[in-house]
Amino acid sequence: TVNGKVDMPNASVVFTERPFEGALPDCKVGLQFTVRGGMQLCGGGGNLVRISNDGKIQNDKWNKVLLKIDWADKVVVAQVDTRGKGYAPAIQTVPFRDASCVGFGALFIYNTDTQATCWFSSLRIKQSQADMVLTDTDALAARRDLAERLKQREYQMAVDADMEVGMKMGAIKSTTC
């Protein structure tokens, strides 16, 4: 759960190959999860990628986060459950922050915003051979395409509604050129 300003980087969970000894990049960061206006992963090149979830983060509400790691391709698939009704479908993979990371030897959990707090109720790390490889990448691509089409349809519905209002007001005479 998170309280305070969630628009600044707040809760961070970082898995690294080596212990911290001065600079985070020297640790060979594999996975970096953070809360900043939503839940995000920091991928290769330091890009922040939003994790698709089923709602907005709310103060004093527990959220579940599932991070699946594909060691063969060095990518992470993240899913979030903010309502307690199951994880939202994953729509993308995020590359490791440092592709040369070969394993996790250290875990760091910390807050970065002095005006906000976060709590972790539990952390479970599990590894099995079945979880090692993401076999259903076609499903990820299909979910990503579906999410893009839904977003486009939502946009088109808003444009159509605006056009209809404009025609009623007489501001727009025709929608053809």
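This is a chat about a predicted model of a protein, going from its overall layout to single residues.

Visitor: Hi! How many helices and strands are there in the protein?

Guide: Hello! This predicted model has 1 helix and 10 strands.

Visitor: And in what order do the elements run from the N terminus?

Guide: They go β-β-β-β-β-β-β-β-β-β-α.

Visitor: Nice. What share of the residues counts as buried?

Guide: The protein has 177 residues, and 31% of them count as buried. Its accessible surface comes to about 11500 Å², with 53% of that belonging to carbon and sulfur atoms.

Visitor: What about contacts between residues 24 or more positions apart?

Guide: Among contacts with a separation of 6 or more, 61% are between residues 24 or more positions apart.

Visitor: Let's go inside. Which residues have the most contacts in the largest nonpolar core?

Guide: Those are Leu31, Phe33, Val35, Met39, Leu41 and Ile51, in a core of 18 residues. The elements giving two or more residues to this core are strand S2 (11–16), strand S3 (29–35), strand S4 (39–42) and strand S7 (75–81). As a general point, nonpolar side chains in soluble globular proteins tend to be buried together.

Visitor: Pick one for me. What is Met39 in contact with?

Guide: If we leave aside neighbours within four places in sequence, Met39 is in contact with Phe33, Thr34, Val49, Arg50, Ile51, Ile57, Asn63, Val65 and Val80.

Visitor: And Val35, why does that one count as buried?

Guide: Because its relative accessibility is 4%, and buried means under 20%. Val35 sits in strand S3. The C-alpha atoms of Val35 and Ala11 are 5.3 Å apart, although their positions lie 24 residues apart along the chain.

Visitor: Now the outside. Which residues make the nonpolar surface patch?

Guide: Leu107, Ile109, Phe120, Leu123 and Ile125 make it, and the patch covers about 460 Å².

Visitor: Is Ile109 buried, exposed or partly exposed, and where is it found?

Guide: Ile109 is found in strand S9 (residues 106–111). It counts as partly exposed because its relative accessibility is 41%.

Visitor: Switching to charges: where is Lys28 found, and what is its nearest side chain of opposite charge?

Guide: Lys28 is in the loop between S2 and S3. Its nearest side chain of opposite charge is Glu17, 4.2 Å away; Lys28 is buried, yet it has no salt bridge.

Visitor: Why doesn't Glu17 at 4.2 Å count as a salt bridge with Lys28?

Guide: The cut-off for a salt bridge is 4 Å, so the 4.2 Å between Lys28 and Glu17 does not qualify.

Visitor: OK, so what does Lys28 touch?

Guide: Not counting residues up to four places away in sequence, Lys28 touches Thr16, Glu17, Arg18, Asp98, Ser100 and Cys101. The backbone of Lys28 is worth a look too: its phi is near 60 degrees, a positive value in a residue other than glycine.

Visitor: What is phi for Lys74, and where is that residue?

Guide: Lys74 has a positive phi of about 55 degrees, although it is not a glycine. You'll find Lys74 in the loop between strand S6 (64–70) and S7.

Visitor: Back to loops in general. Is Asn10 buried or exposed?

Guide: Asn10 is buried, because its relative accessible area is 0%. This residue is in the loop between strand S1 (2–4) and S2. Asn10 and Gln115 are 105 residues apart in sequence, with 9.0 Å between their C-alpha atoms.

Visitor: And Gly46, where is that?

Guide: Gly46 lies in the loop between S4 and strand S5 (48–50). With a relative accessible area of 35%, Gly46 is partly exposed. Its C-alpha is 9.6 Å from that of Phe96, 50 residues apart along the chain.

Visitor: Last one: why is Asp60 called exposed?

Guide: Because the relative accessible area of Asp60 is 53%, and exposed means over 50%. Asp60 is in the loop between S5 and S6. From C-alpha to C-alpha, Asp60 and Cys118 are 9.1 Å apart, while in sequence they are 58 residues apart.

Notes: Residues are numbered from 1 along each chain as its sequence is written. This is a predicted model: local features need pLDDT of at least 70, side-chain atom pairs count only at pLDDT 80 or more; totals for chains, interfaces and linings use all residues. Side-chain values use heavy atoms; hydrogens and water are left out. Patches are made of residues with over 30% relative accessible area and no salt bridge: like charges are joined within 9 Å, nonpolar side chains (Val, Leu, Ile, Met, Phe, Trp, Tyr) within 5 Å. Accessible areas come from the Shrake-Rupley method with a 1.4 Å probe; for residues, only the protein chains shown count as cover. Helices (H or I, at least four residues) and strands (E, at least two) are DSSP runs, numbered from the N terminus. Buried means under 20% relative accessible area, exposed over 50%, partly exposed in between (1.4 Å probe, protein chains only). A nonpolar core is a set of buried Ala, Val, Leu, Ile, Met, Phe, Trp, Tyr and Cys residues joined through side-chain atoms within 4.5 Å. Contact means heavy atoms within 4.5 Å. Lys and Arg count as positive and Asp and Glu as negative; His and the chain ends are not counted.
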